[in-house]
Amino acid sequence: MAAMDIAVEVGTSFTTIYLSGAGVVLREPSVVAFVGDDDKKKVLAAGYKAVAMQGSAPEKTRVVCPIVDGYIEDEEACAKMLTEFIKRVLPVYVIFPKIRALIAVPTGLTVGERKTYEDIFREAGVAETTLIDGVMVSALGFDLPIDEPCGGLVANIGGGVTEIALISLCGTVSGCSVNVGGNMMDNALVDFVIGKYGLKIGARTARRVKEEIGSLYPNDVSAMEVRGINTNTMTPASLSVYATDVYEALLPYYSHIAEAVEGILNLCPPELAARVHGQGLYVCGGGAKIPGLQRVLKDVLGVPVTIAEDPEYTSISGAGRLIGNKELIKQINVQL
Ligand SMILES: Nc1ncnc2c1ncn2[C@@H]1O[C@H](COP(=O)(O)OP(=O)(O)OP(=O)(O)O)[C@@H](O)[C@H]1O
Ligand SMILES: [Mg+2]
């Protein structure tokens with residue numbers, strides 16, 4: 001039986017799969033749609049196709065986001081979604097391969113939560129699972145020397161959660177998980193637009209605005225037309241929202257992240273301080289894509305800030321690089 005090695009990140013917003021020897025082969029929204037009653041429900045769609053059904057699905061179709069704030073909330077839906085994704089990345093010429101998966105997981109899982117990940121992947125057809133701390137693979141994605149004293153200070157701003165860690169000698173010296181991510185920011189923008197314009201837009205529209213024109217530059221003049229419901233007349237309406245609206249709505253969230261990083265920086269042991277302050281902070285995750293983030297973080301922290309070039313791929317590329325490196329995996333996992 002042929003063996004196949006994959007690395008997987010099951011994020012709140014996206015699931016990404018790296019196939020050894022090929023690179024990233026799948027990145028799809030962590031969403032799955034079912035049809036039918038509970039005991040005989042069938043997967044209708046997963047990923048982008050399931051997202052397209054959100055909000056317009058008929059009564060018997062259920063669209064589920066199995067991951068909430070970085071954690072698996074609906075185990076059955078998660079297993080079905082992963083089964084679908086893994087099937088998609090299997091090369092057609094390999095029949096029934098033995099799949100081994102390196103899975104990037106949130107920091108500080110309990111024994112029970114770790115078992116949940118293992119069970120779900122087994123159900124999705126994976127024969128061998130190895131869990132690995134997500135912030136470690138983020139650091140590896142930046143090529144940081146994680147096995148040295150002070151491998152680096154890393155922040156991953158995701159859709160549901162922001163993870164921050166000061167890494168040294170394959171472990172976390174100090175770290176935290178902040179309950180702020182892209183979904184919360186989308187909702188903040190929805191509320192902001194209601195408050196300022198009396199227009200209720202959907203969270204998906206808010207997300208599009210954020211991703212297309214959003215920035216943390218206070219004088220950005222970009223604008224975008226959006227449709228929603230006038231909250232006074234309750235009728236459909238459209239108007240322009242501006243990059244400055246996104247700035248006002250989102251700045252408090254990014255500032256909160258900056259303060260959390262500052263807290264970790266302040267906990268830095270004196271032996272590591274010179275190196276940590278010298279090399280500064282490395283930021284990845286989809287939330288790092290917003291223009292102007294580097295300046296906002298630098299102003300608060302006063303240390304260099306490096307934003308990843310393709311921040312949503314940093315962790316998975318780090319995980320991919322770790323496939324087969326048994327020695328380093330062992331060194332990381334011994335710190336758990
Ligand atoms: N240009 C942008 N500006 C701000 N946020 C963005 C931008 N592009 C994408 N994002 C956000 O990045 C988030 C997705 O990032 P990512 O794929 O790292 O999350 P995830 O790994 O699925 O979530 P988590 O790590 O929290 O479980 C979404 O909320 C998305 O809206
Ligand atoms: Mg993530």
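Which helix gives the most to the shell around ligand 1? The answer is helix α6, residues 203-213, with three residues in that shell. The structure is a predicted model. The points below cover the ligand site, a pocket, a hairpin and a sheet.

**Ligand 1 and its surroundings**

- There are 21 residues around ligand 1, and those that come nearest are Thr12, Ser13, Gly160, Lys210 and Glu211.
- Sorted by class, the shell around ligand 1 holds 11 polar, six charged and four nonpolar residues.
- Lys210 has a polar side-chain atom 2.7 Å from an oxygen atom of ligand 1.
- Two backbone contacts can be added: a polar backbone atom of Gly286 is 2.8 Å from an oxygen atom of ligand 1, and a polar backbone atom of Val161 is 3.0 Å from an oxygen atom of ligand 1.
- Taken alone, ligand 1 exposes 660 Å², and 92% of that area is buried by the protein.

**The second largest pocket**

- The second largest pocket holds about 330 Å³ of space.
- Its lining is made of 13 residues, of which Glu128, Thr130, Gly324, Lys326 and Ile329 are the closest to the centre of the pocket.
- Four elements each supply at least two residues of this lining: the strands β1 (3-10), β9 (98-105) and β10 (126-133), and the helix α11 (326-333).
- Helix α11 gives the most to the lining, with four residues.
- By class, six residues of the lining are charged, five are nonpolar and two are polar.
- As a general point, rolling a probe the size of a water molecule over the atoms shows where empty space is left.

**The hairpin of β2 and β3**

- Strand β2 (residues 14-19) and strand β3 (residues 23-29) run antiparallel and are joined by six bridges.
- One pair can be picked out in the structure: Tyr18 has Val24 in β3 as its bridge partner.
- Three residues lie between the two strands of this hairpin, and Gly21 takes a positive phi near 90°.

**The sheet of β14, β15 and β16**

- Three strands form an open sheet with antiparallel pairing, in the order β14-β15-β16.
- The edge strands are β14 (199-200) and β16 (236-242), each of which pairs on one side only.
- Strand β14 is joined to strand β15 (residues 223-230) by two bridges, and these strands run antiparallel.
- Leu199 stands opposite Asn230 in β15.
- In a regular strand, side chains alternate between the two faces of the sheet.

Definitions and conventions. Residues are numbered from 1 along each chain as its sequence is written. Chains are lettered from A and ligands numbered from 1 in the order in which they are written. This is a predicted model: local features need pLDDT of at least 70, side-chain atom pairs count only at pLDDT 80 or more; totals for chains, interfaces and linings use all residues. Side-chain values use heavy atoms; hydrogens and water are left out. A residue is near a molecule or strand if one of its heavy atoms lies within 4 Å of it. A polar contact is a pair of N or O atoms within 3.5 Å; within protein, one must be able to donate a hydrogen and the other to accept it, and residues adjacent in sequence count only if both atoms are side-chain atoms. Accessible areas come from the Shrake-Rupley method with a 1.4 Å probe; for residues, only the protein chains shown count as cover. Ala, Val, Leu, Ile, Met, Phe, Trp, Tyr, Cys and Pro count as nonpolar, Asp, Glu, Lys and Arg as charged, and the others, Gly among them, as polar. Two strands pair if DSSP finds at least two bridges between them. On a 1 Å grid over the protein atoms alone, a cavity is a set of points where a 1.4 Å probe fits but cannot get out, and a pocket is an open set with protein on both sides within 12 Å along at least five of seven lines; lining residues have an atom within 4 Å of a point. Grid points are joined across faces, edges and corners, and a volume is the space filled by probe spheres set on the points.
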